[in-house]
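Work through the exercises below with the sequence and the model open beside you. Try each task before reading its solution.

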Amino acid sequence: MSKILYFLMISFFLLTGMDSLFAAAYKGPIGLIPTRDGQILYVLNKDSREIVVVSVPEAKILRSIPLSDQPNSMTLSADEKTMFVALGGYTGSLQAIQLSDGKVIGQGKTGHTPIGIALAPNGKRLYVCYRFNDCIAELELPSLKELRRFPALNEPINSVINQDGSKVYAANFLPNDPSDGADVAAEITMVDVASGKTKNIRLPNGSSSMHGICLSPDGKYVYTTAILARYQLPTSQLERGWMNTNGFSIIDANKGEFVNTVLLDDVDLGASNPWPIAVSQDSKKVYVGLAGSHELCVVEIDKALEKIAALPKNPEEAKKAGIAAAKTALDVPQDLAFLVGMKKRIKLGGKAPRSLAVIGNKVYAGMYFDDNIVVLDMSKRRQKAKEFIALGPKPEMTAARTGELLWHDATLCFQHWQSCASCHPDARTDALNWDLLNDGTGNPKNAKSMLFARKTPPAMWHGVRDTADIAIRTGFQFILFAVRPENDYKNIEAYFESLQEEKSPYLVNGQLSEKAKRGKILFESDRLACTKCHLGEYFTDSKSHDVYSRASYDHQDDFYTPSLREVWRTRPYMHDGRYVKMKDVFKKGYHGDVLGDIAGLSDAELDDLVEYIMSL
């Protein structure tokens with residue numbers, strides 16, 4: 001090896017870390033789509049940036065179609081000749097790929113992080129979620145020209161369209177409420193295609209991390225997975241879903257109305273982090289991939305719907321009917337025993353099922369951290385997961401990749417109720433307040449993002465943990481109620497270091513807008529004195545201050561200065577999440593008036609300031 005080549009290799013690894021040596025080896029299946037005849041299964045691999053074409057009868061990889069950017073989702077054209085793939089983040093795109101030869105035959109620019117593609121039944125329109133633009137876009141086919149945008153709420157991440165093409169349903173990943181309120185929940189945005197009007201369908205209080213969505217083959221129901229958090233309780237125990245429960249919601253697909261939410265957990269064993277969801281071809285069974293507990297949950301949904309329909313809707317209805325009902329439909333989202341006799345959980349023998357496909361009586365699950373697909377034959381009396389196909393060599397897990405797995409692994413938790421990702425999805429925030437025990441009880445505070453957590457000590461709003469590394473260890477002990485080997489904590493530290501900052505959707509061509517540039521001048525001015533606390537690379541002095549933000553539940557006046565990097569992604573704002581909009585932090589809360597003249601800003605100046613902060 002020449003000295004020059006050796007020097008270049010060493011320089012590369014010093015700059016990127018040894019993890020990059022193995023990164024290309026990961027596959028990371030996130031999408032499975034079979035052809036109608038069940039002969040071909042298309043696999044979307046996030047990490048290797050490819051579509052793998054698999055022969056189902058032979059359980060054999062036929063070929064791979066490389067992609068130009070990291071994929072987020074895909075959908076198959078009606079004639080099954082073209083795959084539409086959503087790619088990228090800030091510079092997102094949608095590509096039409098000819099499956100016969102892998103050629104890109106169409107491409108269009110999209111908004112920030114296109115994901116969750118739905119194809120209209122007539123084959124003339126595509127609907128795509130722009131996750132970080134908080135909207136759903138309608139695109140024309142075959143041109144891929146954007147026609148309309150419909151407003152969503154908070155990170156729309158997946159979508160389906162009903163059978164007549166009249167309604168699009170999009171799952172908003174996170175709640176869009178002040179998190180200090182009595183009801184905080186994620187919602188489904190329904191678009192009436194003809195009128196362009198939207199309607200938001202609210203899920204039960206505590207719903208968050210809404211990953212999967214699907215339409216039943218009979219067209220009657222939309223099903224969507226989510227965590228159902230018990231965020232209003234102190235985090236003092238885990239039994240019986242005291243902190244987090246896990247389930248899926250049922251929506252009437254034609255009426256656009258919420259039916260109910262059922263829990264997948266057992267009374268003493270959590271069904272953690274429900275992710276993909278699919279329905280049997282006769283619409284009688286719902287399949288849910290439990291990405292935290294690494295299982296498939298099978299629900300006899302026809303029986304569950306009958307049971308729900310037989311319940312009085314509320315206590316008033318029960319009283320009018322003269323029924324002494326112990327339970328009503330309103331109680332179902334709290335009932336861990338509701339599906340007893342109607343569900344079973346099957347271990348998948350791998351880690352993190354994040355994609356599902358149904359072919360006849362068989363269910364296929366893409367195991368994200370194992371880079372393989374497992375299959376279960378549901379026609380057999382006893383189901384057991386077997387490897388269907390390996391997508392590549394067994395991956396060599398680096399420290400960061402192992403840490404990512406540990407972060408998402410609920411089997412490390414007492415009774416498997418939750419993983420670290422249950423409250424910190426993508427190592428960010430679930431937009432909920434939690435009453436942790438590390439600073440007393442009765443003072444709930446907003447979950448914080450882990451981005452740059454190791455670089456901005458101390459941890460927690462009151463700085464009760466000196467570093468993020470200490471917080472990782474105490475989090476396992478006092479939130480997951482588990483103690484792990486020291487190396488597990490070191491791997492999670494490596495995962496934190498590997499986190500990549502997303503570019504703000506407020507940037508224009510990757511740069512500050514003229515409005516944001518004016519806001520930057522204000523931010524750095526002596527008039528506002530923002531940089532007295534929010535300074536340096538991470539916009540924090542890592543010190544505690546009383547900025548008159550104490551609320552009725554708080555035990556003390558001062559809070560540590562949070563970083564403003566990627567703050568656009570972490571609403572609601574302030575330590576208790578009282579403001580959904582950044583503008584209200586200043587307009588209603590007068591944040592910064594301790595040192596600066598916030599009250600003296602004109603509306604135009606305030607808009608400029610907010611634009612800059614949201615561009616960081």
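The exercises deal with confidence, cysteines, a sheet, a helix and salt bridges.

This is a predicted model, in which local features need pLDDT of at least 70 and side-chain atom pairs count only at pLDDT 80 or more, while totals for chains, interfaces and linings use all residues. Residues are numbered from 1 along each chain as its sequence is written, and side-chain values use heavy atoms, with hydrogens and water left out.

**Exercise 1. Find the mean pLDDT of the protein and the stretch where pLDDT is below 50.**

Step 1. pLDDT is the predictor's confidence in each residue, from 0 to 100. Its mean over the protein is 94, and 95% of the residues reach 70 or more.

Step 2. The stretch with pLDDT below 50 is residues 1-24. Beyond near neighbours in sequence, this stretch has twelve contacts in the model (contact means heavy atoms within 4.5 Å).

**Exercise 2. Explain why C413 and C420 form no disulfide with each other.**

Step 1. A disulfide is a pair of cysteine sulfur atoms within 2.5 Å. The search of the whole structure finds zero of them.

Step 2. For C413, the closest cysteine sulfur is in C420, at 8.9 Å, so the two are too far apart for a bond. Seen from C420, the closest cysteine sulfur is that of C413.

Step 3. Buried means under 20% relative accessible area, exposed over 50%, and partly exposed in between (1.4 Å probe, protein chains only). C413 is buried at 4% relative accessibility, and C420 is buried at 14%.

**Exercise 3. Describe the open sheet of four strands and say which strands stand at its edges.**

Step 1. Helices (H or I, at least four residues) and strands (E, at least two) are DSSP runs, numbered from the N terminus. Two strands pair if DSSP finds at least two bridges between them.

Step 2. The order in this sheet is 5-6-7-8, with antiparallel pairing. Strand 5 (71-76) and strand 8 (103-109) are the edges, because each has a single partner strand and one side without a neighbour in the sheet.

Step 3. Strand 5 is joined to strand 6 (residues 82-87) by five bridges. T75 has F84, in strand 6, as its bridge partner.

**Exercise 4. List the buried residues of helix 11 and the helices they pack against.**

Step 1. In helix 11 (residues 603-613), L606, D608, L609, V610, E611, Y612 and I613 are buried.

Step 2. These buried residues pack against helix 9 (514-523) and helix 10 (582-587).

**Exercise 5. Locate the salt bridges of R131 and R345, and compare burial in each pair.**

Step 1. A salt bridge is a side-chain nitrogen of Lys or Arg within 4 Å of a carboxyl oxygen of Asp or Glu. The whole structure has 41 salt bridges.

Step 2. R131 meets D426 at 3.0 Å, N to O. R131 lies in the loop between strand 10 (125-130) and strand 11 (135-140), and D426 in the loop between helix 6 (420-423) and strand 30 (433-434), 295 residues apart. R131 is buried at 9% relative accessibility, whereas D426 is partly exposed at 30%.

Step 3. R345 meets E295 at 2.8 Å, N to O. R345 is in strand 25 (residues 343-347) and E295 in strand 24 (residues 295-300), 50 residues apart. Both R345 and E295 are buried.
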